[in-house]
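Reader: Hi! Could you walk me through this one before I set anything up?

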Amino acid sequence: MLKRLTVENYKSIHNATLELSRINIFIGENGCGKTNILEALAMASASKALELNVEGLSNRGIRVAKPNLTFSSFTRTKPKNKIIINLEVQGDQDAKLEIPSILYCDNNDDIYSKWKDESRLYLIDETELHDNNDKRTETWLVHEVNKLTKYLIFSLSTKALRGISSESKRMPLGINGESLDILLSQFTETEWKQLQKYNYLISWLEEAYVDEKDSLKFKGHKLGRSHSILYFKDKFMQNMNNWFSAENTNDGVLHVWFYLALFISQKTPTFFAIDNIETCLNPRICRTLLKELTQLAKANHKQVLITTHNPSVLDGLNLHDDEQKLFVVSRNDEGKTQTKPIRLKPKSDERLKLSEMWMRGYLGGLPTNF
Amino acid sequence: MYIGIIAEGKSDLAVIRNILRGKIRIDSSNITFLQPELYFDETDLHNMSQEQFSNWELVKQACIEKHKLVDFFSVEEDRYIILQIDTAEAEKINYEVERPKKPGNPDYSKILRNNVIDKINEWIENQFSEPIFYAITIEETEAWVLTIYTAQERDTCRHNDPKDELNRVLNRKLSKRDKNKILKCDNELDKFDKLSEKFRKTKYLVKYVNLNESFKLFCESLEKIKVE
């Protein structure tokens, strides 16, 4: 598991170090650098997978810009032409591995310029690491770097979830929500059972169904703009007239089902990020979903970084559990991104929900200029 | 380190923030506004006047209820609260602070400040071991801002209506461009942030505090804060 992340000279991050846990939530005002933290990890991921080209970066969810705009740029600070990302991962029995990335480009004004990594550690194939001219095959090391190379930033769009757009070709799930139906069709019986336990999150939902032969399309269940074969049954409607295609169903259920599939499946990455998890979700669903996803992450050995602007997400977080952390991200008076973990006193008299503490300004992460 | 400010109004928040930046070199991202920010929603505000959501009575209410202070201090971190209140209405019912004789009294600000602090501690029932600092603005925060613009070397607290005096001085002193840019600004926070931005610089701040005793006493009290 990734325990410590250090980022230098990446976009708004001049220099930041974070001690991470299993579930890591990031809050802060718009443009404070939350997504830049997720992206820095994606840069390291692309590097170790030898995919430091525009496709390799954008396929992971990075907003690609020319190198001069990717390096930090602050008034009164001399610009540097290298991004340093250092990851400290911890294996079983406290074994540790440093995964450095020192990234640079030959042409800093060319958006298509291929990035290079000065550090000599990368994945050769799924069983071997190249480390300063040595080959390393220790299982846990290879496993940890493998996990990193599969890291993605998920940022869902309703069109992709509906199967109307398919910009991301990532498998088994696209970074915008693509291919949910295909992954669900591959679910084992155990995974389906696990998934169905969460039907309660959507009050009208009876069950979900993957129409593998796509036969409902020909019975007027969708116009066919979407290629998704996922359907949801409404418990309040009359039999035979109660199946909604992904093309027509409401946005919330698609988002919830995507996250559940991501956390349940053994085929999805074990280390990933979600940008703006609250999109399209009711506040109460946000709270309970986060609680359930945390349990699933523990059961299925996933580590995740999540950004949100919805205070109710915080109410699903238990800050007295060491596996759950909350970070407030802000920019200082020079515009540099900084992060701060929030810990509550063990026996505090605090009587507010975390969501209320955030909204009242007790945690930070709110604009103060108006 | 994280500092929360409970103040009468947004203009006071802006001034205190600039003072903190100049006095203890704290970054503004480590300062948060606990009051009056976000206390009411737009539906509440619809039926309220400016005075109802921005005055000393709300500061008193926060002290008596204590929730804001308890909840703010519940986070594991070096945290401090600044309570700002002015003294223009100190004699009013429910405030009821004894005002010492003013003309020719060199200890006027010191005595009045101590009386208000005693009153605040009465409101919060001396319940907090956490660090609380008192920004007692005599008679109003505008008197502190006036130290930047006044041409006179005397304590700015002598003005019975510092708001009026500040406006008069600014109208005389500011260029037409600055008058349009700053004085006509609708956002009180922004306006007073700009008007008091010189407080952010320690070298200016040390000069200005000498023109207002209550300002000086507040800044001296901040020296107890451990700067990281």
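Author: Happy to; we can take the contact of the chains, then the domains, then some backbone details. One thing up front: this is a predicted model.

Reader: Good to know. How many residues does each chain bring to the contact?

Author: Chain A and chain B each bring 27 residues. Together they bury about 2200 Å², and carbon and sulfur atoms give 45% of that area.

Reader: And how many salt bridges are there between chain B and chain A?

Author: There are three salt bridges between chain B and chain A. One of them pairs the side chains of Lys345(A) and Glu130(B), at 3.7 Å from N to O. The elements giving two or more residues to chain B's side of this contact are helix 1 (10-24), strand 2 (31-35) and helix 4 (67-72) of chain B.

Reader: Which element of chain B gives the most?

Author: That would be helix 4 of chain B, with five residues on the side that touches chain A. By class, that side of chain B holds eleven charged, ten nonpolar and six polar residues.

Reader: What about polar contacts, how many residue pairs between the chains?

Author: The count is 13 residue pairs in polar contact between chain B and chain A, with both residues at pLDDT 80 or more.

Reader: Nice. Switching to chain A by itself: how is it divided into domains?

Author: Domain 1 of chain A takes residues 2-152 + 269-359, and domain 2 covers 171-268. Their centres, taken over C-alpha atoms, are 29 Å apart.

Reader: How many residues are in contact between those two domains?

Author: On the domain 1 side there are 24 residues, in contact with 20 residues of domain 2 of chain A. The two domains bury about 1800 Å² between them, with 72% of it on carbon and sulfur atoms.

Reader: And what's the salt bridge count there?

Author: Zero salt bridges between domain 1 and domain 2 of chain A. There are five residue pairs in polar contact across that interface, both residues at pLDDT 80 or more. On the domain 1 side, strand 14 (271-274) and helix 9 (283-299) of chain A each supply at least two residues. Helix 9 of chain A gives the most to that side, with seven residues. The side of domain 1 that touches domain 2 has 13 nonpolar, eight polar and three charged residues.

Reader: Does a record have anything on chain A, and what does UniProt list?

Author: An unreviewed UniProt entry lists "domain: ATPase AAA-type core" for residues 23-315 of chain A. In the model, that stretch is 30% helix and 22% strand, with its end C-alpha atoms 14 Å apart.

Reader: How many salt bridges does the whole structure have?

Author: A search over all chains finds 42 salt bridges. Among them is the pair Glu39(A) and Arg63(A), at 2.6 Å from N to O. Glu39(A) sits in helix 1 (residues 34-48) of chain A and Arg63(A) in the loop between helix 2 (54-58) and helix 3 (67-70), 24 residues apart.

Reader: Last topic, the backbone. Where are there cis peptide bonds to check?

Author: One joins Met171(A) and Pro172(A), with omega about 0 degrees. Pro172(A) lies in the loop between helix 5 (158-162) and helix 6 (180-185) of chain A. Another runs from Gln35(B) to Pro36(B), with omega near 5 degrees.

Reader: And which residues other than glycine have a positive phi?

Author: They include Leu50(A), with phi near 55 degrees, and Asp214(A), with phi of about 55 degrees. Leu50(A) is in the loop between helix 1 and helix 2 of chain A, while Asp214(A) is in the loop between strand 11 (205-210) and strand 12 (230-234) of chain A.

Methods. Residues are numbered from 1 along each chain as its sequence is written. Chains are lettered from A and ligands numbered from 1 in the order in which they are written. This is a predicted model: local features need pLDDT of at least 70, side-chain atom pairs count only at pLDDT 80 or more; totals for chains, interfaces and linings use all residues. Side-chain values use heavy atoms; hydrogens and water are left out. Contact means heavy atoms within 4.5 Å. Buried area is the accessible area (1.4 Å probe) that two parts lose on being put together, summed over both. A salt bridge is a side-chain nitrogen of Lys or Arg within 4 Å of a carboxyl oxygen of Asp or Glu. A polar contact is a pair of N or O atoms within 3.5 Å; within protein, one must be able to donate a hydrogen and the other to accept it, and residues adjacent in sequence count only if both atoms are side-chain atoms. Helices (H or I, at least four residues) and strands (E, at least two) are DSSP runs, numbered from the N terminus. Ala, Val, Leu, Ile, Met, Phe, Trp, Tyr, Cys and Pro count as nonpolar, Asp, Glu, Lys and Arg as charged, and the others, Gly among them, as polar. Domain bounds come from an automatic or database domain assignment. UniProt positions are given in the numbering used here, feature names are shortened, and annotations may be inferred rather than shown by experiment.
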